[in-house]
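Here is a friendly tour of the pockets in this protein. Have the chain on your screen and follow along.

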Amino acid sequence: MRVSEEQVSHPDHAFRFLHFEVDAFRGERHRHRQLELTWIEAGVGLRFVGDDASPFAAGDLVLLGSNVAHSWVSSRRRGSAPPVAATVIQFAPELLSLPQLPELARLGPLAARARRGLAIVGRSHDLILEVLVRMRTASAITRLAAWIEI
């Protein structure tokens, strides 16, 4: 399967924050240098991360490492179910090694483990979802603080 290289740009922000609803996830396999935190809010189907294919459903929360090929494919037929929805944060790996924020360097091992994709479950899952919901309506500076909170 072809993997396209996505160019992620967010020149006015430390990271990219997206919240969207679409009819279906089309499964366009891609990669980018940014790490990605993806929360599936609605929908079901298959999640392809690296060489793994796993089912996903509402509530799925995954951290992807830099340059990990990934895609989500909905199992929705037109008109048969509500749209799918997701919230995505993409951030450059360098954010975790800024000399001005040495506290974030402790997250380096987490980013390394995400090279194969990490499903986030349990208490961490619930806490992160609470923050992601707040981020939707937050100002840019509050979103930055929320990203650090995550």
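What follows is a short report on two pockets and the residues that line them.

Please keep in mind that this is a predicted model. Rolling a probe the size of a water molecule over the atoms shows where empty space is left.

Let us begin with the largest pocket, which holds about 480 Å³ of space. Its lining counts 20 residues, and those nearest the centre are E6, F20, F25, E28 and H30. Four strands each bring at least two residues to this lining: β2 (15–22), β4 (35–42), β8 (70–74) and β9 (84–91). Among the contributors, β2 has the largest share, with four residues. The lining of the largest pocket is mixed in class, with eight nonpolar, seven polar and five charged residues.

Now to the second largest pocket, with a volume of about 390 Å³. Here 18 residues form the lining, and L63, F91, L107, L110 and I150 sit nearest the centre. Two or more lining residues come from each of β4, β9, α1 (108–113), β10 (118–119) and α3 (140–149). The top contributor to the second largest pocket is α1, which gives three residues.

The table sets out the lining classes for each pocket.

| Pocket | Nonpolar | Polar | Charged |
|---|---|---|---|
| Largest pocket | eight residues | seven residues | five residues |
| Second largest pocket | 17 residues | no residues | one residue |

To find the two sites on your screen, you could start from F20 and H30 for the largest pocket, and from F91 and L110 for the second largest.

Terms used:
Residues numbered from 1 in each chain as written. Predicted model: local features only at pLDDT ≥ 70, side-chain atom pairs only at ≥ 80, totals over all residues. Heavy atoms only, no water. 1 Å grid on protein atoms, 1.4 Å probe; cavity = no way out; pocket = protein on both sides within 12 Å on 5 of 7 lines; lining within 4 Å. Points joined across faces, edges and corners; volume = space filled by probe spheres on them. Nonpolar A, V, L, I, M, F, W, Y, C, P; charged D, E, K, R; others polar.
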